[in-house]
Amino acid sequence: MTRLKKLKAASSLHAFADVLGYKAKGLAYIIHGIDDSKKYKDFEIKKRSGGLRKISAPIPELKRLQKSVAHLLEDCVSEINSHRKTKGTLCHGFRPKHSIMTNAAIHRKKRYIFNIDLKDFFGTIHFGRVWRFFEKNRDFALDSSLARTIAQIACHNRELPQGSPCSPSISNLIGHILDIRMAKLAAQAGCQYSRYADDLTFSTNRKNFPPEIAQRVGDTNLWVPGKQLANEIKRCRFEINPAKTRMQFKDFRQDVTGIVVNSKLNIRAEYAKNVRAMVHSLVTRGEFTVRKTFRDEAGAWIEEVEAGTEARLRGMLSFIDSVRFFELHRQTIKKSVASDSRLSRRPVREMDRHERVYRQFLLFSTIFRPLQPLVICEGKTDNVYLRCALQKLSGKYPKLVNVSGAKITLQLNFFNYSNTTDRILHLGGGTGDLAEFIGNYGAAFKGFKYSEKRRPVIVVVDNDSGAQPIFAAIKKATFSKSAIDGSLPYYHIRDNLYVVPVPKQKGKETAIEDFFEKAVLDTKLGGKEFSRQDKFDPATQYGKHLFSEHVVKKNKGSINFDGFEPVLDRIVQVLDAHSVK
């Protein structure tokens, strides 16, 4: 039975708890046992356009429950769309595989782009509206008491709050009728339509913009929503925010949800310029500032300057990269080239300005000046092995793990391989990338400045024939006259970089999986045996990813990780050596 069918069949709190994977008693406590005044922490943040935005952050227990409800509703929507054979969508906010980029792409190369904003979008979706939707909507048609329970979980002060994980999912469901009516009106007028949360966009290449959607006020440059559009929005029980209504013309910069759409998708030039300046300040001075502009209560623009954080700058760079990546991927598909979500990496000398700036930031923040000792393994699965070993052996390694009661916190970070690190840092995992990384280490640090002691970067590699390119890179980088054969506990390359070969067992070639007990390696999944090879027979074998996630990670509490102590001991040796260097 599907999750939607289970939800529709539920007629009691006990049955609803079962659908969510909760115990009825625990679910009842969160809904009824915790006083409503203690379920949220309310605070306000400044809006760039002026005024304050109220955020209601749920307590951890309620937040977990709301996430479960959100995931349940997403599964239900997927099932409904699959049954209807619906492929496209009009709403791009808070949906899987949708974003501000997919929303903006619809309105590329248009003569006119008209934007309106809905006033107090979440606030207009009140308790009764949520309750009646799940009770009356034909796709859900839930038991009335169950529909009311969902409203109780989702609402705060009798309305959907900003800050709840399930507010976006529910607002999209209730806003669907608005999307249908807007799309119908847009089609009749020869326009494209899309919505991202409370932001509605209409665009067209017609010579004159359709008056039923927007009209110019006299001979001014002001535009207001057409009567038909305003009436339809009012029928859907939403309200237009007149202060955020605007018309954009093709001869000027047009942007949709912050993305420039005149030709290809792009980011605003001044935004990219400011980010470049921040990165330059960070790598040359070790710090940077962020300028924020917003309107005060009188409507005047105010500028504030505050210290920037690496996390915030990383988010800005990731945003720029994601927009550019989306456009490159779109062009790849358009040219009928075999699409690859990773896209091929480019040599550093061929990278454009945006890529070079992103690379500079990642090198500085991740490699040159890591916040904690950084361990770089040969792949993602090795990260899982060592993390689990550290958690299990936490009491033996106080320099690597901090234990405070039941809370275990690692005192080092593991390099996170991703499509971005592959494209930008040329680190996608494997001996080839690591050998090049070791051989070229420090070449890109020119101009980097940091007065304090830098934490070590530790590359952990297998000690077998596959490591020969890495050993060759070590020999060349250190100008060693002796053979590099992995016999030493670690090798100091230069600056804060070290290489740790896993210790050989009985003098034989050793890979990191050899430190598991035989019973763990012999674990079968679905009748299949574990294969360490990159290429294996999927009919009878499973690979390292499933082994790390479904054997090691899921059973870490019962696995004996004592065999990993020699590897962890070598990492401690590096920390000790680096602390006195």
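Among contacts in the protein between residues at least 6 apart in sequence, what percentage join residues at least 24 apart? The answer is 66%. Good morning. I shall present a predicted model, beginning with the whole protein and then turning to one sheet and to several salt bridges.

The protein has 581 residues, and 45% of them are buried. Its secondary structure consists of 20 helices and 21 strands. Measured out along the principal axes, the box filled by the C-alpha atoms is roughly 85 × 60 × 50 Å. The area that the protein exposes is about 30400 Å², and carbon and sulfur atoms account for 50% of that area.

Let us now look at one sheet. In what order do its strands lie? The order is β4-β5-β3-β8; the sheet is open, it has 4 strands, and their pairing is antiparallel. At the edges are β4 and β8, the latter covering 240–249, and each of these pairs on one side only. On average, neighbouring strands in this sheet are turned by 15 degrees against each other, if direction is ignored.

One pairing may be followed in detail. Strand β4 and strand β5, which spans residues 199–204, are joined in the antiparallel sense over 5 bridges. As an example, Gln192 has Ser203 in β5 as its bridge partner.

Helices also lie on this sheet. Helix α9 lies across β3 (112–118), β4 and β5, and runs at about 155 degrees to β4. Helix α10, residues 227–235, packs on the sheet as well and touches β3, β5 and β8. The direction of α10 makes about 30 degrees with that of β3.

I come now to charged side chains. Side chains of opposite charge can pair when their charged atoms come close. How many salt bridges does a search of the whole structure find? The search finds 26.

The first pair I wish to show belongs to the region we have just visited. Arg195 forms a salt bridge with Asp179, and their closest N and O atoms are 2.8 Å apart. Arg195 lies in strand β4 (residues 192–196) and Asp179 in helix α9 (residues 176–189), so that the pair links distant parts of the chain, 16 residues apart. Are these two residues buried or exposed? Both Arg195 and Asp179 are buried.

Next, please consider Asp75 and Arg3, whose side chains meet in a salt bridge with an N to O distance of 2.8 Å. Asp75 belongs to helix α4 (residues 60–84) and Arg3 to helix α1 (residues 3–9), and therefore this pair ties together parts that are 72 residues apart in sequence. Asp75 counts as partly exposed because its relative accessibility is 36%. Arg3 is also classed as partly exposed, with a relative accessibility of 29%.

A further salt bridge joins the side chains of Arg285 and Glu287, at 3.3 Å from N to O. Here Arg285 counts as exposed, because its relative accessibility is 54%. Glu287, at 47% relative accessibility, counts as partly exposed.

Salt bridges may also be linked to one another. Which residues form such a network? Arg324, Arg346, Asp352 and Glu355 are linked in a network of salt bridges.

To close, I return to the sheet and its helix. Helix α9 lies across β4, and the salt bridge between Arg195 and Asp179 links that strand with that helix. Thank you for your attention.

Definitions and conventions
Residues are numbered from 1 along each chain as its sequence is written. This is a predicted model: local features need pLDDT of at least 70, side-chain atom pairs count only at pLDDT 80 or more; totals for chains, interfaces and linings use all residues. Side-chain values use heavy atoms; hydrogens and water are left out. A salt bridge is a side-chain nitrogen of Lys or Arg within 4 Å of a carboxyl oxygen of Asp or Glu. Helices (H or I, at least four residues) and strands (E, at least two) are DSSP runs, numbered from the N terminus. Buried means under 20% relative accessible area, exposed over 50%, partly exposed in between (1.4 Å probe, protein chains only). Two strands pair if DSSP finds at least two bridges between them. Axes are lines fitted to C-alpha atoms, for helices over the stretch in contact, and angles run from 0 to 180 degrees between N-to-C directions. Contact means heavy atoms within 4.5 Å. Accessible areas come from the Shrake-Rupley method with a 1.4 Å probe; for residues, only the protein chains shown count as cover.
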